[in-house]
Amino acid sequence: MAKVMIIGAGGVGRVVTYKCAQHPEVFSEILLASRTKTKCDFIAREAMLATGHKHIETAAVDAENVPQLVELIKKFQPAMVIHVALPYQDLTIMEACLETGVHYLDTANYEPKDVAKFEYSWQWAYQERFQEKGLLAVLGCGFDPGVTSIFTARAAKHHFDEIHYLDIIDCNAGDHGKAFATNFNPEINIREVTQKGKYWENGQWVETEPHEISQMINYPDIGPKKSYVIYHEELESLVKNFPTLKRARFWMTFGDEYLTHLRVIQNIGMASIEPIIYNGMEIIPLEFLKAVLPDPGELGTNYTGQTSIGCRIRGIKDGQEKTYYIWNNCSHEAAFHETGTQGVSYTTGVPAMTGAMMMLTGQWTGVGVKNVEEFNPDPFLAKLGEHGLPWHEVSNIDLEL
Ligand code: NDP
């Protein structure tokens, strides 16, 4: 039984709160804190009604303000913080955890506001400070990064002597009925998908133009979908932790309509993060765009279809070449029915709760800053299906890639 503090009351924060509330035997008291307290109050009320959990408190906090965070953590005294606000706040929340002596878990690596660039270096630099304090910081425990890295760890542990080729494939075949919307925070999402592509091959990074490499990939229960190589953050830690990898790529599906909107948004300057003066006020076009786009947390109402995310891997087992595919499909409707939000928030929130459960029940231990593939994948994957994300695996199939 432990107290947990969740930071961020968006779509993912909502799912994490619901899922923690379903397990009072582990998460006996919950504090949901975010910038806008009314959003926390709304989620807490609904989660308590849906699950019967009796102890969900709420608070307002600016997660970029370390003294505010420290004051709140000291008052509530949680065993750990689950950070599902925005990647801009990773470092301030890690600082506050160090100052108050609590463990940390997040789902996205740090990204400075003024440079559209994400990498682990900033958070890996906290390694010694977390070790010295005897604390654990778990990085990237959503679906991708998160489950995809744990799938890879399972493959390396149980199915291969050496993994050589890794393709993470991420398909959202859902339909939310809107002309254009992003499935998680629009600002973070647009920064990610408009970047140049990048993948790992023969010991170095190969850069591509955005969406330069594409091919049709067959997804289970969905069928063929055009998929594009993009850079995704788990590649950085996976090639470090699995040095036998000769190539590692990340593929994501995008519809033609989505890409057309994205191109227009970029062409007219709305994806820019350079401040401009508008009516005497400084605004950032991408932040303004976020304010007019649909809230991803509220896309669930009419969302149909499913997501399918997994890892296709080639390598060597007992001297023979072997192929392996491990994946999860998640229904947007089922996610909405259970938690009131769509599948992308659900597939992020369920692993965050499951990772927190691993830490609080002593199944993931250690000190310092760790990516999820550094832990034993077995207890996590044993729980993941039970928590709402069942997974499947097959060997020796045609990988297509
Ligand atoms: P949302 O934009 O819906 O929610 C973000 C929440 O953070 C909002 O409640 C927002 O407050 C709050 N917030 C923003 N700034 C601050 C601040 N300074 N202090 C306190 N709270 C703040 O995002 P999502 O729920 O869609 O995504 C949450 C996180 O999950 C993101 O970091 C995203 O990158 C990550 N993610 C990870 C995935 C994975 O598979 N690993 C996949 C999808 C998302 P307010 O309500 O006031 O705006």
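**Close-up 1. Helix 3 and helix 4 against the sheet.** In this predicted model, helix 3, spanning residues 66-76, lies across strand 1 (2-7), strand 2 and strand 3. Its direction runs at about 155 degrees to that of strand 1. Helix 4 (residues 90-100) also packs on the sheet, and here the strands touched are strand 1, strand 4 (80-83), strand 5 (103-106) and strand 6 (136-139). Take strand 5 as your guide: helix 4 makes about 160 degrees with its direction.

**Close-up 2. The open sheet of seven strands.** Follow the strands across and you will read the order 3-2-1-4-5-6-17, with parallel pairing. At the edges sit strand 3 (56-60) and strand 17 (368-371), each pairing on one side only. From one strand to the next, the twist averages 20 degrees.

**Close-up 3. Strand 2 beside strand 3.** Strand 2 covers residues 27-34 and runs parallel to strand 3, joined to it by five bridges. A handy place to look is I30, whose bridge partner in strand 3 is I56.

**Close-up 4. Where helix 8 meets helix 11.** The axes of helix 8 (residues 186-193) and helix 11 (residues 285-292) come within 9 Å and cross at roughly 125 degrees. Because of that angle, helix 8 counts as oblique to helix 11. The crossing of these two helices is right-handed. Helix 8 brings P186, E187 and I190 to the contact, while helix 11 brings L286, E287, L289 and K290. Sorted by character, the residues of this contact comprise four nonpolar and three charged, with no polar ones.

Definitions and conventions: Residues are numbered from 1 along each chain as its sequence is written. This is a predicted model: local features need pLDDT of at least 70, side-chain atom pairs count only at pLDDT 80 or more; totals for chains, interfaces and linings use all residues. Two strands pair if DSSP finds at least two bridges between them. Helices (H or I, at least four residues) and strands (E, at least two) are DSSP runs, numbered from the N terminus. Axes are lines fitted to C-alpha atoms, for helices over the stretch in contact, and angles run from 0 to 180 degrees between N-to-C directions. Two residues are in contact if their C-beta atoms, placed from the backbone, lie within 7 Å. Angles under 35 degrees count as roughly parallel, over 145 as roughly antiparallel, 65 to 115 as roughly perpendicular and the rest as oblique. A crossing is left-handed if the near helix is turned anticlockwise from the far one by less than a right angle, and right-handed if clockwise. Ala, Val, Leu, Ile, Met, Phe, Trp, Tyr, Cys and Pro count as nonpolar, Asp, Glu, Lys and Arg as charged, and the others, Gly among them, as polar.
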